[in-house]
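Biologist: I should like to go through this model with you, question by question. Please show the sequence and the structure before we begin.

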Amino acid sequence: AALHAREIVRKLLLFAKRIPPKQKPVDINTVVHDVIPFFESRCVRKGVKVRCDLGLDLPAIFADESQIRQIVMNLVVNAIKYTPRGHVLVRVAWTTPSAHAGVEARRSALIAVSDTGPGIPPELRQQIWKRGFRASQHAQEVEGEGIGLYVVREIVQLHGGDVDVTAADGGGSLFTVTLPQDRRQRARDGSATSSAEKGPFA
């Protein structure tokens, strides 16, 4: 209980101050590999298995390593909470857009966390990102303060990425985070595009 309380306080302090990401090259496979052992005892108690599917030879992304770790931890914790039995799968992959996709479509890292829990009704999939939101049917059954997914979305947005939730194949939920390889490159491309649109005599 004390550890859980410290986690909550740390999350609140982090985003109360809106700490900007301290970016450096980050190997997401290494982050996932280092994070998963923290959940072993909890998984043993619940009878839930956490599996990993890590992509081979993935390039590093330019990001805040501690915040990427927080994304993975929050998503895995959330999945374990709502999975009474079965498994949680953490997948890391790489997306490469087609050549005609445009300037904004950059190479991105993908972190996907799926579970075999009850899933999230479509009408609640936008509400779960709100700070303090907890589904009423699980509010008394599941521990937590309802800020984990809110924190995930805030971090992802700070890194110029996207996060979404859908139904997983075979039931449960699938959370997908997409992070640009280097947000600085996207910003430079955006500035170049704006200048080109204005023309040399703007």
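The questions and answers below concern a predicted model.

Biologist: In what order do the 5 strands of the open sheet lie?
Modeller: The pairing in this sheet is mixed. Its edge strands, each pairing on one side only, are β2 (48-54) and β6 (162-167). Read across the sheet, the order is β2-β4-β5-β7-β6.

Biologist: How many bridges join β2 to β4, and which residue is the bridge partner of aspartate 53?
Modeller: Strand β4 covers residues 86-95, and β2 and β4 run parallel. The two are joined by 7 bridges. Within β4, the partner of aspartate 53 is arginine 91.

Biologist: At the other edge, which residue is the bridge partner of valine 163 in β7?
Modeller: Strands β6 and β7 run antiparallel and are joined by 6 bridges. They form a hairpin with 5 residues between them, and glycine 170 in the turn has a positive phi of about 85°. The partner of valine 163 in β7 is valine 177.

Biologist: Which helix gives the largest share of the largest nonpolar core?
Modeller: This core has 43 residues, and those with the most contacts inside it are Phe39, Ile61, Ile71, Leu75, Phe175 and Val177. One of them, Ile71, touches Val152, Ile155, Val156 and Val177, leaving aside residues up to four places away in sequence. The largest share, 9 residues, comes from helix α4 (residues 65-81).

Biologist: Is asparagine 78 buried or exposed, and what is its relative accessible area?
Modeller: Asparagine 78 is placed in helix α4. Beyond residues up to four places away in sequence, asparagine 78 touches Leu149 and Phe175. Buried means under 20% relative accessible area. Asparagine 78 therefore counts as buried, its value being 15%.

Biologist: How far apart in space are asparagine 78 and valine 113, C-alpha to C-alpha?
Modeller: In sequence, asparagine 78 and valine 113 are 35 residues apart. In space, their C-alpha to C-alpha distance is 9.6 Å.

Biologist: Why do the buried residues of α2 line one face of the helix?
Modeller: The buried residues of α2 (residues 28-35) are Ile28, Asn29, Val31, Val32 and Val35. Seen down the axis of α2, these buried residues line one face because they fall within an arc of 160°.

Biologist: Against which elements do the buried residues of α2 pack?
Modeller: Both strands and a helix take part in this packing. The strands include β1 (24-26) and β3 (61-63). The full set is β1, β2, β3, α4, β4 and β5.

Biologist: How many of the 11 residues of α5 are buried?
Modeller: Helix α5 spans residues 148-158 and is mostly covered. Its buried residues are Leu149, Tyr150, Val151, Val152, Glu154, Ile155, Val156 and Leu158. After α5 comes glycine 160, with a positive phi near 75°. The number of buried residues in α5 is 8.

Biologist: Which is buried and which is partly exposed, cysteine 43 or cysteine 52?
Modeller: The structure holds 0 disulfides. Buried means under 20% relative accessible area, and exposed over 50%, with partly exposed in between. Cysteine 43, at 6%, is therefore buried. At 39%, the partly exposed residue is cysteine 52.

Methods
Residues are numbered from 1 along each chain as its sequence is written. This is a predicted model: local features need pLDDT of at least 70, side-chain atom pairs count only at pLDDT 80 or more; totals for chains, interfaces and linings use all residues. Side-chain values use heavy atoms; hydrogens and water are left out. A nonpolar core is a set of buried Ala, Val, Leu, Ile, Met, Phe, Trp, Tyr and Cys residues joined through side-chain atoms within 4.5 Å. Buried means under 20% relative accessible area, exposed over 50%, partly exposed in between (1.4 Å probe, protein chains only). Helices (H or I, at least four residues) and strands (E, at least two) are DSSP runs, numbered from the N terminus. Contact means heavy atoms within 4.5 Å. Two strands pair if DSSP finds at least two bridges between them. A disulfide is a pair of cysteine sulfur atoms within 2.5 Å. The arc is that of the directions from the helix axis to the C-beta atoms.
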